[in-house]
Amino acid sequence: MDFQAGILQDGSPMESLEKQLICPICLEMFSKPVVILPCQHNLCRKCANDVFQAANPYWQGRSSVISGGRFRCPSCRHEVLLDRHGVYGLQRNLLVENIIDIYKQECSRPLKKGEHPMCKEHEDERINIYCVTCEVPTCSMCKVFGAHKDCEVAPLQTVFQGQKTELNNCISMLVAGNDRIQTIISQLEDSCQSTEENSEAAKRELCARFDALAALLEEKKAELLQRISQEQADKTAFIQSLVCQYKEQLEKSSRLVETAIQAAEETGGAAFLMNAKQLIKTIVEASKGGRLDKIEQGYESMDAFSVSLDHLTEAVHALDFDPAEEDEEYFDGEEEEVEEDVAPEMTVMASSL
């Protein structure tokens, strides 16, 4: 591509250069990588690949069994033959890619301090007046002969000072607004930190209260269990004492029965009568005075030690935080300042227990 011939045409050099850097397929500036065809025309490799794929629909890629393909240059219609690598076998035009980089840098480069812009319509004329009607800076030739001859104009310096002052005021307003926003951000961050700290403190307090409640319940449970154990020991001791008494009476009665049997076996009348009266008297007295204590019906029951926890269960289910009025977060209409919210106190209604 002959860039110099295009650049020397009428018009600004940058505009002429831009026209030479337009891809004939996508009509946009070449996107790298840029490939050069045998006919010396340039294409974006992506655009070249799209044209090649359209002309060779059965070519699947560089690993395809098809050896290559062909397509025509969109600028001169010259037939381009490609091997199995397709458009990836074309040489990259590094010169064009470098020119694109330089062009983009020049277009994005701001005017140097003190560099005066020139009129696009009259290249030799400096921009020295301001068109108030169109609100654009222009040159004197545009006012006399050009597009702004019927417009109201003003000295460039006057408009410059006015708009610069207005811009400075806007900057000050933005800076002040940013300061207020930063203050709000700081307040919100402080509120967030305070919320986290207060939440952790509330959690610790809640855990401490529940731990104390659990300890109280354990203490009460141990007390009640001790009372049951004491009652159990008293009753079993009394029953065991009765068992011992009945065993002792049974042993005495058994010996008396044995003595009575031996006496009954005596055949001699005189010998029998010598002991029979006293033995009978002993047996009668033993039967009259041998009545021991007995346990009442249901003595072994422990129903008196049953505890109802329904009211306690209901109280636990009813546990909640004390209601507290929360201060609403608000923004001041004029100052737009944020007041910190007052965190609600969270206390456990343990008094119902």
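Gln 40 comes out as partly exposed, with a relative accessible area of 44%. That value, like everything below, is read from a predicted model. The backbone at Gln 40 is worth a look too: phi is positive, about 75°, although Gln 40 is not a glycine. The residue sits in the loop between β1 and β2 (42-44). For context, most residues other than glycine have a negative phi, and most peptide bonds are trans.

Another such case is Glu 135, with a positive phi near 60° in a residue other than glycine. Glu 135 belongs to the loop between β5 and β6. Buried or exposed, then, for Glu 135? Its relative accessible area is 60%, so Glu 135 is exposed. On the peptide-bond side, Lys 32 and Pro 33 are joined by a cis bond, with omega at about 0°. Pro 33 falls in the loop between α2 (13-20) and β1 (34-36).

Next up is the hairpin made by β3 and β4, which has six residues between the two strands. One residue of the turn, Arg 77, has a positive phi of about 65°. Strand β3 covers residues 69-72 and pairs with β4 in the antiparallel sense, over four bridges. Two of the pairings can be picked out by name. Gly 69 is found opposite Leu 82 in β4, and Arg 72 has Glu 79 of β4 as its bridge partner.

The two strands of the hairpin can also be described by their faces. In β3, Gly 69 and Phe 71 make up the covered face, while Arg 70 and Arg 72 are on the uncovered one. Strand β4 (residues 79-82) has Val 80 and Leu 82 on its covered face, with Glu 79 and Leu 81 on the uncovered face. Put together with the pairings, Gly 69 of the covered face of β3 stands opposite Leu 82, which is on the covered face of β4. Likewise, Arg 72 of the uncovered face of β3 is bridged to Glu 79, on the uncovered face of β4.

Further along the chain there is an open sheet of three strands, in the order β6-β5-β7, with antiparallel pairing. Its edge strands are β6 (136-138) and β7 (153-155), each of which pairs on one side only. Averaged over the sheet and with direction ignored, neighbouring strands are turned by 35° against each other. Strand β5 (residues 129-131) pairs with β7 over three bridges, in the antiparallel sense. Within that pairing, Tyr 130 has Ala 154 of β7 as its bridge partner.

How many disulfides does a search of the whole structure turn up? The count is zero. For Cys 119, the closest cysteine sulfur is that of Cys 139, and at 3.5 Å it is too far for a bond, because a disulfide needs the two sulfur atoms within 2.5 Å. Cys 142 is in no disulfide either: its nearest cysteine sulfur, again in Cys 139, is 3.6 Å away. Cys 119 counts as buried, at 8% relative accessibility, and Cys 142 also counts as buried, at 5%.

Turning to pockets, the second largest has a volume of about 570 Å³. Its lining consists of 22 residues, and those nearest the centre are Leu 217, Lys 220, Leu 224, Val 307 and Leu 309. The elements giving two or more residues to this lining are α6 (156-264) and α8 (310-317). Of all contributors, α6 gives the most, with 10 residues. By residue type, the lining of this pocket splits into 14 nonpolar, four polar and four charged residues.

One last spot concerns helix α7 (residues 269-289), where Ile 283 is found. The C-alpha atoms of Ile 283 and Val 257 are separated by 8.6 Å, with the two residues 26 apart along the chain. As for solvent, Ile 283 counts as partly exposed, at 33% relative accessibility.

How values were computed:
Residues numbered from 1 in each chain as written. Predicted model: local features only at pLDDT ≥ 70, side-chain atom pairs only at ≥ 80, totals over all residues. Heavy atoms only, no water. Buried < 20%, exposed > 50% of the residue type's maximum accessible area, 1.4 Å probe, protein only. 1 Å grid on protein atoms, 1.4 Å probe; cavity = no way out; pocket = protein on both sides within 12 Å on 5 of 7 lines; lining within 4 Å. Points joined across faces, edges and corners; volume = space filled by probe spheres on them. Nonpolar A, V, L, I, M, F, W, Y, C, P; charged D, E, K, R; others polar. Pairing = 2+ DSSP bridges. Axes fitted to C-alpha atoms, helices over the stretch in contact; angles between N-to-C directions.
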